[in-house]
Amino acid sequence: MSGSDLIQEFAAAFNRQDLPALLGCFTEDAVYHDTFYGRHAGHTGLKSLFERMFKDGRDYTWTMHVVVADALRAAAEWSFSYTATDAIPRSAGRKVRISGMSLFELKGGKIANYRECMDMGLALLQLGFTPESLAKVLSRRLPA
């Protein structure tokens, strides 16, 4: 499977909430850096991350619009949408639509490292954060 096909399969498995297929896209020791949920490592950590994401949201659509890949890395421009569930009471029922970019490091035809860049402020506003709460959350992310 090409790097581009792997990235498309990753998104499709995520949208289906197919945990075995999703984990199958990653190496056993993969590291995943999520903007909201932080760093998770290994299949156990990734399984925990994805289970939490699927609990916190529903109706996921993650579309990889542009993927550029070789055997060692891939970059993707994407759009992502979901509806927050009752697991996040302040945001329950709110729809979130964001776009971003991801960088994938590949090893042996699987994802070994994932990181993303997106507008977290836009997502938090859609989740119903007040400007004051938004400022507090984002100020914690400023470099020291």
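**Exercise 1. Work out whether the span of helix H3 agrees with its number of residues, and find its buried side.**

*Step 1.* Start with the span: H3 has 15 residues, which at 1.5 Å a residue should cover 21 Å, and its end C-alpha atoms do lie 21 Å apart, so the two values agree. Keep in mind as you work that this is a predicted model.

*Step 2.* Next, list the buried residues of H3: Gly-42, His-43, Gly-45, Leu-46, Leu-49, Phe-50, Met-53, Phe-54 and Asp-56. Their arc around the axis is only 165°, which means that they sit on the same side of H3.

*Step 3.* Now turn to the other face. Thr-44 and Lys-55 are exposed residues on the face of H3 turned away from its buried side.

*Step 4.* Finally, ask what the buried residues of H3 pack against. Their partners are H1, helix H2 (19-23), S1, S2, S3 and S4.

**Exercise 2. Do the same for helix H1, and look at the residue that follows it.**

*Step 1.* Helix H1 runs over residues 3-16, 14 residues in total. From first C-alpha to last it reaches 20 Å, close to the 20 Å expected at 1.5 Å a residue.

*Step 2.* The buried residues here are Gly-3, Leu-6, Ile-7, Phe-10, Ala-11, Ala-13 and Phe-14. They lie on the same side of H1, because the arc they cover around the axis is only 165°.

*Step 3.* After H1 comes Gln-17, with a positive phi near 55°. Most residues other than glycine have a negative phi. Gln-17 is placed in the loop between H1 and H2 and is partly exposed, its relative accessible area being 35%.

*Step 4.* A second case to find is Asp-59, a residue other than glycine whose phi is positive, near 55°. Asp-59 belongs to strand S3 and counts as partly exposed at 48% relative accessibility.

**Exercise 3. Describe the surroundings of Gln-8.**

*Step 1.* Find Gln-8 in helix H1. Is Gln-8 buried, exposed or partly exposed? Its relative accessibility is 34%, so Gln-8 counts as partly exposed.

*Step 2.* Leaving out residues up to four places away in sequence, Gln-8 touches Met-64 and Val-67.

*Step 3.* For a distance, take Gln-8 and Gly-45: they are 37 residues apart in sequence, and their C-alpha atoms are 22 Å apart in space.

**Exercise 4. Look at two histidines, His-33 and His-40, one after the other.**

*Step 1.* His-33 is in strand S1, where it is partly exposed with a relative accessible area of 27%.

*Step 2.* How far apart in space are His-33 and Tyr-114, C-alpha to C-alpha? The distance is 5.9 Å, although 81 residues separate them in sequence.

*Step 3.* Tyr-114 is also one of the residues that His-33 touches; beyond four places in sequence, the full set is Gly-38, Arg-39, Asn-113, Tyr-114, Arg-115 and Glu-116.

*Step 4.* Move on to His-40, in strand S2 (residues 38-41). Buried means under 20% relative accessible area, and His-40 has 18%, so His-40 is buried.

*Step 5.* A polar atom of the His-40 side chain lies 3.4 Å from the backbone oxygen of Gly-38. Not counting residues up to four places away, His-40 touches Ala-30, Val-31, Tyr-32, Gly-45, Leu-46 and Leu-49.

**Exercise 5. Explain where Thr-85 sits and what surrounds it.**

*Step 1.* Thr-85 is part of the loop between S4 and strand S5 (95-107). With 14% relative accessibility, Thr-85 counts as buried.

*Step 2.* Which residue has its backbone oxygen 2.6 Å from a polar atom of the Thr-85 side chain? That residue is Lys-55.

*Step 3.* Setting aside neighbours within four places in sequence, Thr-85 is in contact with Lys-55, Asp-56, Gly-57, Arg-58 and Ala-92.

**Exercise 6. Map the largest pocket.**

*Step 1.* The space in the largest pocket is about 410 Å³. Of its 22 lining residues, Phe-36, Tyr-37, Tyr-82, Ile-88 and Leu-127 are the closest to its centre.

*Step 2.* Which helices and strands each supply at least two residues of the lining? They are strand S1 (26-34), helix H3 (42-56), strand S3 (57-69), strand S4 (73-84), strand S6 (110-118) and helix H4 (120-126).

Technical notes: Residues are numbered from 1 along each chain as its sequence is written. This is a predicted model: local features need pLDDT of at least 70, side-chain atom pairs count only at pLDDT 80 or more; totals for chains, interfaces and linings use all residues. Side-chain values use heavy atoms; hydrogens and water are left out. Helices (H or I, at least four residues) and strands (E, at least two) are DSSP runs, numbered from the N terminus. The expected span of a helix is 1.5 Å times one less than its number of residues. Buried means under 20% relative accessible area, exposed over 50%, partly exposed in between (1.4 Å probe, protein chains only). The arc is that of the directions from the helix axis to the C-beta atoms. A polar contact is a pair of N or O atoms within 3.5 Å; within protein, one must be able to donate a hydrogen and the other to accept it, and residues adjacent in sequence count only if both atoms are side-chain atoms. Contact means heavy atoms within 4.5 Å. On a 1 Å grid over the protein atoms alone, a cavity is a set of points where a 1.4 Å probe fits but cannot get out, and a pocket is an open set with protein on both sides within 12 Å along at least five of seven lines; lining residues have an atom within 4 Å of a point. Grid points are joined across faces, edges and corners, and a volume is the space filled by probe spheres set on the points.
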